[in-house]
Amino acid sequence: MNARLFIIPASHPSIAVELMLKHKGIPYKRTDLLPVISKGVLRAVGFPGITVPALKIDGDKVQGSRQIARELERLRPEPPLLPSEPAQRAAVEEAERFGDEELQHPIRQILWWGMKQDRAPLRSYSEGAKIGMPIGLAVKTAAPIVALSARFNEASDENAREALAALPPLLDKVDGWIESGVLNGERANVADFQIAPSIGLAMTLDDLRPYIENRPAGALARRFVPNYPGKMPPVLPAEWLAPLRSEAATA
Ligand SMILES: N[C@@H](CCC(=O)N[C@@H](CS)C(=O)NCC(=O)O)C(=O)O
């Protein structure tokens with residue numbers, strides 16, 4: 001199989017797909033792209049959409065973490081990404097959908113809001129990536145990239161604050177799935193691969209890690225993405241973290 005994966009360093013759905021490729025034992029080459037620039041490159045390569053992860057596999061082009069998961073399952077059924085028992089399979093698919101449609105984006109918005117306050121951490125998120133120029137130079141010239149990415153992801157003050165308020169119930173849902181065995185079971189599944197990187201990315205923020213690391217969701221991230229790249233020192237206003245603090249107090 002001839003596979004090339006296009007990613008943005010530290011992008012959570014990109015890391016999700018890397019976990020899936022490794023689970024399937026499919027060797028792949030990786031093209032690391034800077035945000036914003038990624039859009040033009042993906043179009044130039046012939047992908048219809050503008051987001052990563054994007055996978056070229058045996059000449060076909062597949063984009064989106066869930067679409068890629070289905071294509072990998074079709075091309076190489078073993079080991080499976082989904083349980084065969086119908087009820088378990090439906091539960092894993094619902095958790096996977098939630099990871100893609102509900103969990104990914106608020107975390108992305110919080111991260112880009114943080115980058116707007118302090119671009120220096122960008123370097124740590126690109127650790128080990130081959131972006132075609134020295135990382136230091138990329139970070140020094142990253143102001144327009146951060147501004148455009150924050151705008152693209154609608155990382156306004158209002159939305160970042162709302163995203164933080166949304167986190168406690170999202171984390172509760174992940175914990176619930178872990179407790180019921182849908183996630184973090186003996187056999188890793190596609191929802192583990194989808195959700196763990198989002199939790200791992202959230203835990204790269206010093207502001208968020210204390211509210212996550214001791215929960216079941218924190219254990220899920222440590223299992224699947226123990227070395228998630230990136231570290232953002234505290235940047236979030238204390239009052240915006242109140243919903244997380246009040247949940248921690250009642251837990
Ligand atoms: N839900 C989609 C999300 C894809 C997405 O939004 N990817 C982001 C990176 S995490 C992206 O490509 N953003 C473009 C940019 O930042 O320029 C998936 O799971 O594939």
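## Ligand shell, ring pair and backbone

Mentor: Helix α4 gives 3 residues to the shell around the ligand, the largest share. The model is predicted: local features need pLDDT of at least 70, side-chain atom pairs count only at pLDDT 80 or more, and totals for chains, interfaces and linings use all residues. Residues are numbered from 1 along each chain as its sequence is written, and side-chain values use heavy atoms, with hydrogens and water left out.

Trainee: Which residues come nearest to the ligand?

Mentor: Val 36, Lys 39, Val 52, Ser 65 and Asp 100, out of 17 around the ligand. A residue counts as near with a heavy atom within 4 Å.

Trainee: What makes the approach of Asp 100 to the ligand a polar contact?

Mentor: The test is a pair of N or O atoms within 3.5 Å. An N or O atom in the Asp 100 side chain lies 2.6 Å from a ligand nitrogen atom, so the pair passes. Val 52 places a polar backbone atom 2.8 Å from a ligand nitrogen atom. For Val 36, a backbone N or O atom is 2.9 Å from a ligand oxygen atom. The protein covers 88% of the 520 Å² of accessible area that the ligand has on its own (Shrake-Rupley method, 1.4 Å probe).

Trainee: Which elements give two or more residues to that shell?

Mentor: α1 (12-24), α2 (37-45) and α4 (86-117). Helices are DSSP runs of H or I with at least four residues; strands are runs of E with at least two.

Trainee: How is the shell split by class?

Mentor: It has 7 nonpolar, 7 polar and 3 charged residues. Asp, Glu, Lys and Arg count as charged, and Gly is among the polar ones.

Trainee: Why is the pair of Phe 98 and Trp 177 called edge-to-face?

Mentor: Rings pair with centres within 6.5 Å; planes under 30 degrees apart are stacked, over 60 edge-to-face, and the rest tilted. Here the centres are 5.0 Å apart and the planes at 70°, so the pair is edge-to-face. Phe 98 is in α4 and Trp 177 in α8 (residues 157-179), 79 residues apart, so the pair links distant parts of the chain. The whole structure has 4 aromatic pairs.

Trainee: Which peptide bond to Pro 53 is cis, and what is its omega?

Mentor: The bond from Val 52 to Pro 53, with omega near 0°. Pro 53 sits in the loop between α2 and β3 (54-57). The bond from Glu 78 to Pro 79 is also cis, with omega near -10°. Pro 79 lies in the loop between α3 (65-75) and α4.

Technical notes: Polar contact = N/O pair within 3.5 Å; in protein donor to acceptor, adjacent residues only side chain to side chain. Phe/Tyr/Trp six-rings, centres within 6.5 Å; stacked < 30°, edge-to-face > 60°.
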